[in-house]
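User: Please take a close look at the enclosed spaces in this model, and say what surrounds them. Some words on the helix packing and on any buried loop residue would also be useful.

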Amino acid sequence: MRDVAVVSFVQAPSVRRDPARNEVEILMPVVSAALEQSGIPLRDIGFTVSGSCDYLAGQPFAFVMGLDAIGAWPPIEESHVEMDGAWALYEAWIRLQEGDIDSALIYCFGKSSMGELPEVMSMQLDPYYLTPLWPDAISMAALQARAMLDFGSHDEREMASVAARSRRDAASNPNAHLSGDFDVDVLLKEPYLVSPLRKHDCPPISDGAAAIVLVAGDKAREICERPAWIRGIDHRVEAHQLGSRDLTVSSSTALAAEQAGGRGGAFDVVELHAPFTHQELILLDALSLSNGARVNPSGGALGANPMMAAGLIRIGEAAQRIMDGSAARALAHATSGPCLQQNLVCVLEGE
Amino acid sequence: MSDPVTGIITPVRLEYTYTPGVAASRFLKRIASKEIVGQKCPRCAKVYVPPRGSCPKCGVPTEEEVTVADSGTVTTFCIVNIPFAGSVPVPYVSAHILLDGSDIPLVGLLQEVAAEDVRMGMRVKAVWVPDEELAPTLLSIKYFTPTGEPDVPIEKIMEYRDA
């Protein structure tokens, strides 16, 4: 396996609603800062790949306009995933394994504020049996939380504790926009939003963007003092039909973590893409980490949840802590689809 | 055994509040006063109409605003023969129009001209809605119509022909 490292990571500060800027205007400063941080001009980047979703913009081929932020002339080698940028990073990592190029730019963006996000999310379901019922994203997550509580692996207090810790950590993350000091007992007195989920169990709706530059081998050491090496990366998907899955566990996360060399491991920091509080508990069960790793010091997706970027941001946040020397080994996770349908695990290390 | 189900209809409707962005918002506001503004790339000097805040060729922000003419040249066109709900009578011409001072053609409807008389290089100008109907939308331009000026030689619009 060829050594590939994150050498730069930049994100736009997430906001509930960016009323003035379009996606390109949000993205452009992020991409140029990520390239500048890497010291590699676009013309020397071997491969560019983006992650976004046309349903967020409500416009077919909206992702093509994202290229306006890049300056793809003369023509560049470029690809796109209709997914979170974490999967764009996976494609870039695979592309770098070919060995003929040394660098890749990954960018992603999501402006969820333009549509009714919980309903937009129902468009990802199977079009015959589920989409016609219009189950919104929060209701689907609530089904999963109910299954978990009924199974008895966790309780509502643990869920509220995840919310309190995440919102507290988000206060020191300038890129998060939902933070604060909350008391678990007080949170538990709040009414249900969609039983058994309370408002604090749900992520905010966010507009945002992020970019990462990956570089292979010694070149990464030349341009970055402490590159964040990708020691393992894998993603697995479960059945599309919610009814044919056990929602109380995340078998795809367990398998991806196993394949990436992260399951049962010890980490300084873990960044999990768990938009709903109960999902963090399910993910941690699946990962079976062996030490008390610091979970989501960024505040995670509960502090800022820019669709199509929140997963890549987890990888970026984990990598950032290796690059700045505050962590030696980190695990990052990204999710896609309803109720943790598809999961990606990435293990990062310093030298 | 009942008849097999061969198809279902599942209505889908999503509503969006579209955000045109900083650059396009300025463009739309000026349209309401019959002015067409573009933005010039600080690197390659190309002028984009409508402006989107960036030069797609150079990948740099565009800030300098320039006013372009409401007249221009047909770079290429399509004769539409199939009507749709709310369309103007067919055949009609949808054309790419390179406004004077701009480096990228706009798509516009051509009227007051027979489809068979439209040519690449033809000079046209905007016909605006009455002043009281002007609004921040491209619908403020009713259509384009020939000016009667001599055609622009095809060599001069080659660069924009396929845009």
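Analyst: What follows covers the cavities, then a pocket, then a helix pair and one loop residue. The model is predicted, and the values below are computed from it.

The structure holds 3 cavities of 30 Å³ or more. The largest cavity has a volume of about 130 Å³. Its lining is made of 13 residues. Those nearest its centre are E23(A), Q59(A), A62(A), M65(A) and R52(B), so chain B is represented in this list as well as chain A. Two helices of chain A, α1 and α3 (62-66), each give at least two residues to the lining of the largest cavity. The most comes from α3(A), which supplies 3 residues. Sorted by class, the lining of the largest cavity has 7 nonpolar, 4 polar and 2 charged residues.

The second largest cavity has a volume of about 60 Å³. It is lined by E23(A), S52(A), C53(A), L56(A), A57(A), A62(A), F109(A), G110(A), K111(A) and M114(A). E23(A) and A62(A) are named for both cavities: they lie among the residues nearest the centre of the largest cavity, and they also line the second largest cavity. At least two lining residues each come from α2 (54-57) and β4 (103-111) of chain A, with β4(A) giving the most, 3 residues. The classes here are 6 nonpolar, 2 polar and 2 charged residues.

Open space is treated next. The second largest pocket holds about 500 Å³ of space. It is lined by 25 residues, and L42(A), I70(A), G71(A), R43(B) and C58(B) are those nearest its centre. The elements that give two or more residues to this lining are α1 (23-38) and β2 (47-51) of chain A together with β4 (60-61) of chain B. With 4 residues, α1(A) has the largest share of the pocket lining; α1 of chain A also supplies at least two residues of the lining of the largest cavity. The pocket lining comprises 16 nonpolar, 5 polar and 4 charged residues.

Now the helix packing. Helix α11 (residues 277-287) of chain A is largely enclosed by the rest of the structure, because 9 of its 11 residues are buried. These are T277(A), H278(A), Q279(A), E280(A), L281(A), I282(A), L283(A), A286(A) and L287(A). One partner of this helix is α7 (residues 156-170) of chain A, which packs against α11(A) at an angle of about 100°, with the axes 8 Å apart. That angle makes α7(A) roughly perpendicular to α11(A). On the side of α7(A), the contact is made by E158(A), M159(A), V162(A), A163(A), R165(A) and S166(A); on the side of α11(A), it is made by T277(A), H278(A), E280(A) and L281(A). By class, this contact has 4 nonpolar, 3 polar and 3 charged residues. The four contact residues of α11(A), T277(A), H278(A), E280(A) and L281(A), also appear in the list of its buried residues. After α11(A) comes S288(A), which has a positive phi, near 45°.

The last item is a serine in a loop. S122(A) lies between α5 (117-120) and α6 (137-151) of chain A. S122(A) has a relative accessible area of 0% and is therefore buried. Leaving aside residues up to four places away in sequence, S122(A) touches T131(A), W134(A) and P135(A).

Technical notes: Residues are numbered from 1 along each chain as its sequence is written. Chains are lettered from A and ligands numbered from 1 in the order in which they are written. This is a predicted model: local features need pLDDT of at least 70, side-chain atom pairs count only at pLDDT 80 or more; totals for chains, interfaces and linings use all residues. Side-chain values use heavy atoms; hydrogens and water are left out. Buried means under 20% relative accessible area, exposed over 50%, partly exposed in between (1.4 Å probe, protein chains only). Axes are lines fitted to C-alpha atoms, for helices over the stretch in contact, and angles run from 0 to 180 degrees between N-to-C directions. Angles under 35 degrees count as roughly parallel, over 145 as roughly antiparallel, 65 to 115 as roughly perpendicular and the rest as oblique. Contact means heavy atoms within 4.5 Å. Ala, Val, Leu, Ile, Met, Phe, Trp, Tyr, Cys and Pro count as nonpolar, Asp, Glu, Lys and Arg as charged, and the others, Gly among them, as polar. On a 1 Å grid over the protein atoms alone, a cavity is a set of points where a 1.4 Å probe fits but cannot get out, and a pocket is an open set with protein on both sides within 12 Å along at least five of seven lines; lining residues have an atom within 4 Å of a point. Grid points are joined across faces, edges and corners, and a volume is the space filled by probe spheres set on the points.
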